[in-house]
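Good morning, and thank you for coming. I would ask you to keep the sequence and the structure in view while I speak.

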Amino acid sequence: MTSISLLSELECPVCLLPPRQAPVFMCPLGHNICSECKPLVKKCPICKINYLQNKDTRNFFAEKILDSLERKCRYELFDCDFSICDSQQLVDHEKICDKKPKLNKNTQKPENEDSDGENVEEVVNENNDPMFLNLVYFYDIRPMFQFYAYTVVFLRMFVFEFSDLNRHPGIWFEVTFLSCLCIWLLARRTKLVQFFLEVYQPDEFETQFQVLRKHLRHILFQDAKEVYLALVLWAAFVISCLLYLKLELIQSANYEIEVARFEALLFFMKPALTFSTSIVCIVWHLYFKWGKLDKWAAVFGVFRLLWLSFNLAYVELSLNAGTLIDEGYCLIFWIQTVSVLLPFGKVSFILLELFGFLTMTYNAYDTLFLFGIGKNDFLEHFQKAFNGNYLKMQFMLRDLRGSLKLLENSLSSVSVTEPLDLDVAKEVKQFFEKYRTEF
């Protein structure tokens with residue numbers, strides 16, 4: 001077992017630091033607690049069993065190996081790099097450490113003598129000011145899931161809403177949104193905006209002194225800051241693509257053909273957006289967390305996200321569900337918007353997984369029991385989206401059908417007033433039947 005592992009085993013559950021010096025106490029079940037925190041609690045913070053009143057129980061083994069383990073100064077967060085094995089020298093250093101922050105001198109001990117070890121925020125002893133920090137990094141894949149869910153449901157909602165040419169035929173909202181986004185990205189780099197966020201962005205550290213609060217806020221918002229810019233730029237890119245398609249549509253000479261092509265492109269753009277957003281989140285996450293990755297946790301997280309996004313995209317390409325899938329994304333977006341400020345409000349990824357399970361279940365049911373009657377004609381959409389001549393031929397054939405129908409009605413009305421020769425009427429009928437079938 002390494003020294004780091006031993007130190008983590010000896011860590012006090014109250015101050016989250018390895019003991020500074022002997023004695024090291026124990027509860028009746030063997031849980032350690034340092035000599036600085038022991039006078040402040042009556043019960044073990046882990047098992048909630050009362051400490052012995054008449055005689056303290058000491059962990060002599062921990063005390064013996066303590067001086068053989070190198071421990072860092074408790075002010076490590078403030079750039080103190082002092083570390084030593086000797087307990088007395090460590091305590092002496094922490095008394096005079098030049099990195100020790102200046103604290104208010106009116107810190108008082110808790111008034112409640114019956115504390116059971118919970119919610120102990122500050123511990124005061126005769127040697128050192130209160131400063132207890134857990135600097136152990138814990139790799140967590142959940143932020144990657146949440147960032148993906150927030151991004152994809154917002155973009156799917158945006159594309160569904162503003163690709164509707166009946167409700168939003170223009171491009172002014174997209175242009176305004178992109179302009180505001182650029183202004184915000186530039187403004188948030190200014191000192192005034194950074195000061196505003198530092199003061200008013202909510203956190204749980206308002207009661208801490210300024211230096212510690214800054215470090216704690218950095219830890220709290222570190223994941224968000226790392227991927228924030230990448231996902232904002234990705235969202236701007238997607239909205240710019242939608243803006244480009246609408247501009248081409250507005251400037252086209254043949255509006256009807258371009259509308260059909262626009263809808264066919266959206267058929268592929270939406271599932272591609274669902275899957276490619278997961279790729280962006282994974283690549284950016286791995287880039288920033290590469291040195292801190294827990295290999296198996298990262299593999300599981302990447303597989304879970306890719307599996308979800310691939311199945312959502314595949315089902316959308318396969319099923320002819322109309323606007324139901326888009327409306328499902330919109331529903332998740334509004335649920336997340338309403339619940340985001342609640343204590344357990346990060347529900348978008350859970351809802352996405354449930355949504356993916358339901359769509360995959362229906363796709364399997366359609367394949368096995370309905371023999372694919374709800375499937376999309378993939379090749380038809382592909383031809384419309386990427387073969388310009390195909391759409392032109394489709395519209396030409398439609399016009400020819402209309403002309404043929406008009407000619408047939410005209411000849412029928414003429415034959416009523418002036419009956420045609422039987423042979424001529426037979427040839428005309430064969431002509432209409434032949435081309436009606438071919439068209």
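Strand β1, residues 24-26, runs antiparallel to β2, and three bridges join the two strands. Within this pair, F25 stands opposite I33 in β2. I should say at once that the model before you is predicted.

The two strands belong to an open sheet of three strands, in the order β2-β1-β3, and the pairing is antiparallel. Which strands form the edges of the sheet? They are β2, residues 32-34, and β3, residues 57-58, each of which pairs on one side only.

Let us now turn to the loop between α1 and β1. P23 lies in this loop, and a cis peptide bond joins A22 to P23, with omega about 5°. L16 is found in the loop between α1 and β1 as well. The phi angle of L16 is near 60°, which is a positive value in a residue other than glycine.

R20 brings us to the salt bridges. The side chains of R20 and E94 meet in a salt bridge, with a distance of 2.4 Å from N to O. Why does this pair deserve a place on our list? R20 lies in the loop between α1, residues 3-10, and β1, whereas E94 lies in helix α3, residues 87-96, so the salt bridge ties together parts that are 74 residues apart in sequence. With a cut-off of 4 Å between a side-chain nitrogen of Lys or Arg and a carboxyl oxygen of Asp or Glu, the count comes to 17 salt bridges.

I continue with the helices, taking three pairs in turn.

The first pair is α4 and α5. The axes of helix α4, residues 142-162, and helix α5, residues 172-187, come within 11 Å and cross at roughly 150°. Angles over 145 degrees count as roughly antiparallel, and α4 and α5 are therefore roughly antiparallel to each other. Their crossing is right-handed. On the α4 side, F154, F158 and F162 take part in the contact, and they meet F173, E174 and F177 in α5. By class, the residues of this contact divide into five nonpolar, no polar and one charged.

The second pair is α9 and α10. The axes of helix α9, residues 255-289, and α10 come within 8 Å, and they cross at roughly 175°. That angle makes α9 roughly antiparallel to α10. Among the residues of α9 in this contact are F267, F268, K270 and P271, and among those of α10 are V302, L305, L306 and E316. The contact of α9 with α10 has 13 nonpolar, three polar and two charged residues.

The third pair is α10 and α12. How do the axes of these helices cross? Helix α10, residues 295-318, and helix α12, residues 348-368, have axes that come within 9 Å and cross at roughly 45°. These two helices are therefore oblique to each other. In passing α12, α10 makes a left-handed crossing. The contact includes R304, L305, L308 and Y314 in α10, together with F349, L352, E353 and G356 in α12. Its residues divide into nine nonpolar, five polar and two charged.

One residue links the last two contacts. L305 in α10 takes part in the contact with α9, and L305 also takes part in the contact with α12.

To close, I would suggest turning back to the display and locating R20 and E94, whose side chains meet in a salt bridge. Thank you for your attention.

Conventions. Residues are numbered from 1 along each chain as its sequence is written. This is a predicted model: local features need pLDDT of at least 70, side-chain atom pairs count only at pLDDT 80 or more; totals for chains, interfaces and linings use all residues. Side-chain values use heavy atoms; hydrogens and water are left out. Axes are lines fitted to C-alpha atoms, for helices over the stretch in contact, and angles run from 0 to 180 degrees between N-to-C directions. Helices (H or I, at least four residues) and strands (E, at least two) are DSSP runs, numbered from the N terminus. Angles under 35 degrees count as roughly parallel, over 145 as roughly antiparallel, 65 to 115 as roughly perpendicular and the rest as oblique. A crossing is left-handed if the near helix is turned anticlockwise from the far one by less than a right angle, and right-handed if clockwise. Contact means heavy atoms within 4.5 Å. Ala, Val, Leu, Ile, Met, Phe, Trp, Tyr, Cys and Pro count as nonpolar, Asp, Glu, Lys and Arg as charged, and the others, Gly among them, as polar. Two strands pair if DSSP finds at least two bridges between them.
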